[in-house]
Amino acid sequence: MPSSTRTHKITLIPGDGIGPEVTAATVNILETAGKQTGCTFDWHSYDAGADAYAKTDEYIPKALYKSIEENRVALKGPVTTPIGGGFSSINVTLRKKFDLYANFRPVKSLPGLKSNYPNIDLVIFRENTEDLYAGLEVMINPDIAQSMKIITRKGSTRIAKSAFDYAKKHGRKKVHAIHKANIMKLSDGLFIKCCKEVSEGYPDVTYAEHIVDNTCMQLVLNPYQYDIILTENLYGDILSDLCSAFVGGLGLVPGANLGAECAIFEAVHGSAPDIAGQDKANPTALLQSAVLMLHHIDEAETADKIQAALEKVYAAGETLTRDVGGKAGTRAFGEAIIAAL
């Protein structure tokens, strides 16, 4: 047992649908691993979305905003976002509120899972605060809706710097900037201009540019040609979902939203209300997001221990959830990881 302990205050947003189930499994695993490494957690839990509105008349309670401001780190389960109406996306609102400009999504194969694309290991850096996600829309008349795409030098430069800094720190060799500047010559043109300017400060990292539609084809033909994908908000959303299919789907891929002051780590999949409360959900995406969080708060030993246990369970293939070909439930899968610790 460790001789001393380190306590981290973490804002916890369980979410809705399957959120509370995958969050509970993840928290249990973190607390068990933490006991072995001297790391403990002071969880500050808050609802968001429809559940929060039912209790507080606020989709994002003021207490939740305050908690993130104070703790600077949050772990978030999936929250339902209505399509075409209702409240705005909780995810987008939180990213804009705390200026979480870098959406970091590593896409890496897990052992034991069959795939048409084995041994995938690529990273997506998606600008997180502007582009069409700025949410600037207007009805010009009842038959015409206009949405404004916002690209700034500040936003483009700092996401590019994040990607190249990561490449330098982790020994990555190549960054592709993904764009549509052949059509959107001013907005996407500014984005790739900024990316190229940043790249000049990293001579050991190869820089390339691909048009987004060609990138989709190239990814399907040969995803191994990519190392780090650097792109705008909308393209990044689409490409990260596409890339997740290479390793088994959104239920397995982690996500981090990083800013200068705060960070929110979240599963990138939906809330799946159709299977909520049925002990069927796979907590892997949220658990791997929590591993990213542990690295962020300098708990690498705990992070590596959990990742090794997760990969051991997948390699054995005996206690997997239904979405990846197994028969286990959420709780049994979580217990198998705890046993593997």
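Which strand is largely enclosed by the rest of the structure? In this predicted model, that description applies to strand E4 (residues 102-108), because six of its seven residues are buried. Strand E4 pairs in the antiparallel sense with strand E5 (residues 121-127), and the pairing extends over seven bridges; within it, Arg105 of E4 has Ile124 of E5 as its bridge partner. An antiparallel pairing also joins E4 to strand E11 (residues 254-258), here over three bridges, with Asn103 standing opposite Asn257 of E11.

Strands E4 and E5 are also among the elements that cover the buried residues of helix H8 (residues 233-244), a set that further includes strand E8 (174-179), helix H6 (187-199), helix H7 (212-221) and strand E10 (228-231). The end C-alpha atoms of H8 are 17 Å apart, which agrees with the 16 Å that its 12 residues should span at 1.5 Å a residue. The buried residues of H8 are Asn233, Tyr235, Gly236, Leu239, Ser240, Cys243 and Ser244. These residues cover an arc of only 155 degrees around the axis, and they therefore lie on the same side of H8.

The analysis of internal space gave both a pocket and a cavity. The largest pocket has a volume of about 1,100 Å³, and of the 34 residues that line it, those closest to its centre are Phe104, Tyr166, His170, Leu292 and His295. Two or more residues of this lining are given by each of E4, E5, helix H5 (153-170), E11, helix H9 (284-296) and helix H10 (300-316). Strand E4 and its two pairing partners described above, E5 and E11, are thus all named among the elements of the pocket lining.

With a threshold of 30 Å³ or more, the count of cavities comes to one, and the largest cavity holds about 40 Å³ of space. Its lining consists of Val92, Arg95, Lys96, Arg126, Asn128, Thr129, Tyr133 and Asn233, and the largest share, three residues, comes from helix H4 (residues 90-97). Asn233, a lining residue of this cavity, also belongs to the buried set of H8.

Within helix H5, attention may be given to Gly155. This residue counts as buried because its relative accessibility is 3%, which falls under the 20% limit used for that class. When neighbours within four places in sequence are left aside, Gly155 is in contact with Glu127 and Glu130. The C-alpha atoms of Gly155 and Glu232 are 9.3 Å apart in space, although the two residues are separated by 77 residues in sequence.

Two aspartate residues were noted for their backbone geometry. Most residues other than glycine have a negative phi. Asp57, in the loop between helix H2 (50-56) and helix H3 (62-71), has a phi near 65 degrees, a positive value in a residue other than glycine. Asp298, whose place is in the loop between H9 and H10, likewise has a positive phi, near 65 degrees. Asp57 counts as exposed because its relative accessibility is 60%, and Asp298 is exposed as well, with a relative accessible area of 67%; the limit for this class is a value over 50%.

Methods:
Residues are numbered from 1 along each chain as its sequence is written. This is a predicted model: local features need pLDDT of at least 70, side-chain atom pairs count only at pLDDT 80 or more; totals for chains, interfaces and linings use all residues. Side-chain values use heavy atoms; hydrogens and water are left out. Buried means under 20% relative accessible area, exposed over 50%, partly exposed in between (1.4 Å probe, protein chains only). Helices (H or I, at least four residues) and strands (E, at least two) are DSSP runs, numbered from the N terminus. Two strands pair if DSSP finds at least two bridges between them. The expected span of a helix is 1.5 Å times one less than its number of residues. The arc is that of the directions from the helix axis to the C-beta atoms. Contact means heavy atoms within 4.5 Å. On a 1 Å grid over the protein atoms alone, a cavity is a set of points where a 1.4 Å probe fits but cannot get out, and a pocket is an open set with protein on both sides within 12 Å along at least five of seven lines; lining residues have an atom within 4 Å of a point. Grid points are joined across faces, edges and corners, and a volume is the space filled by probe spheres set on the points.
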